[in-house]
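User: Please examine the charged side-chain contacts in the following entry. A formal account with cut-offs is requested.

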Amino acid sequence: MYVVEDKDGAIALMLVALLCLGTWPAIFTLLERRGRLPQHTYLDYSITNLLAAIFFALTFGQIGDRKYNMPNFLTQLSQDNWPSILFAMAGGVVLSLGNLATQYALAFVGLSVTEVITCSIAVVLGTTMNYFLDDRINKAEILFPGVGCFLVAIFQGSAVHSSNSADNKEKLNGSSSNNRDKTGDCLKYGSTLTDLEENLESGAHHISTSKTEKAKAGTAEYLIELEKKRSIKVIGSNTFLGLGIVFFAGICFSLFSPIFNLATNDQWHTLKEGVPHLVVYTAFFYFSISCFILAIVLNLMFLYKPVLGLPSSSLKAYVNDWNGRQWALLAGLLCGFGNGFRFMGGQAAGYAASDAVQALPLVCTFWGIVLFGEYHQSSKKTYILLVSMIAMFIIAVAVLVASSGHRKT
């Protein structure tokens, strides 16, 4: 079995995990903006996410001879370690709920701010719990100032969302002037935001493809055309609805890492004497199984009884929906490999320090600005808040990584 035993290797794995975990939400956003139903996307994602865990178990979990008190993956499957297995599966449940909520929050709140708030909550709560579970192997005088930076970022992220929402509302309200497409037809989007919402619902307005392609990111025309394409309609939605989903996801994320920590290190001494702890690969395997089962059950239910105004679907429609499937499958692999590398690093350097991957909003913000035109043509206030938020995250991740210690064996 392959085990990371040095701090430098652990930090390198965290950075790779950071890139993977910061990219898969961008793929979810891309597919939703192209009109693919989130239920279809999540079902595809769940399949490859589980396959990634199986890959880790059968490769890294089986490489070489067993180490002292650390059996290989297949050996552990027959051991009496059910208390730890249940912890691992509980971690999979809360992660699945968090990821599922995040998928909907991405549409309402946006890629950057969703990840800022959820990850900040996960660090503030989860890292604090991991610090005590890890027998305080991380440097408290460095770790907790980093946690404080993430706490500040929660408020900064909320402020960015509020300011950007106000900017978009002003753009839409200002789109009452007449606009013409190439045919010369007069298009009136409405004199108020309410009129715009009614027009979108009734389909009363039309923008030609050639006109749409020229719409610049951040303009009212761009926002309206995006709303027409996307699967989750967000214009005019209650701001607190999106933030409520985000905070729920953040709480779920704050729980799953400490639970996984308990599964692999048995700090509460639930295993019988002489039974080895779950190795990280075995725990990840059980963790991913429960994540997969819950995701399949919930999303099959959402096919027929959708939430948040989405259209209903069916299992047959899902099977036949190949539009963007390859991207959804890739998202599952990225998330699976990201979590796998994160847990490998956490086993060596401490799960509190491995929570540095919660700085993945740095990656998400890059994708949000480059791919989706987030914050284009926003107000000066929004730009100032955005830059300060990013700066805070850079400081936070540096401090959190600097706090890493070395687990005693």
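Analyst: Asp80 is partly exposed (between 20% and 50% relative accessible area, with buried under 20% and exposed over 50%; 1.4 Å probe, protein chains only), its relative accessible area being 38%. The model is predicted: local features need pLDDT of at least 70, side-chain atom pairs count only at pLDDT 80 or more, and totals for chains, interfaces and linings use all residues. Residues are numbered from 1 along each chain as its sequence is written, and side-chain values use heavy atoms, leaving out hydrogens and water.

User: Which residue forms a salt bridge with Asp80?

Analyst: A salt bridge is a side-chain nitrogen of Lys or Arg within 4 Å of a carboxyl oxygen of Asp or Glu. For Asp80, the closest N and O atoms of the pair are 3.1 Å apart. The partner is exposed, with a relative accessible area of 56%. That partner is Lys272.

User: How many residues apart are Asp44 and Arg325, which form a salt bridge?

Analyst: The closest N and O atoms of Asp44 and Arg325 are 3.1 Å apart. Asp44 lies in helix 2 (residues 38-58) and Arg325 in helix 13 (residues 325-349); helices are DSSP runs of H or I with at least four residues, numbered from the N terminus. The pair links distant parts of the chain, and the separation is 281 residues.

User: Is Glu225 buried or exposed?

Analyst: Glu225 forms a salt bridge with Lys228, three residues away in helix 9 (residues 220-229). Lys228 is partly exposed, at 33% relative accessible area. With a relative accessibility of 11%, Glu225 counts as buried.

Note on methods:
Helices (H or I, at least four residues) and strands (E, at least two) are DSSP runs, numbered from the N terminus.
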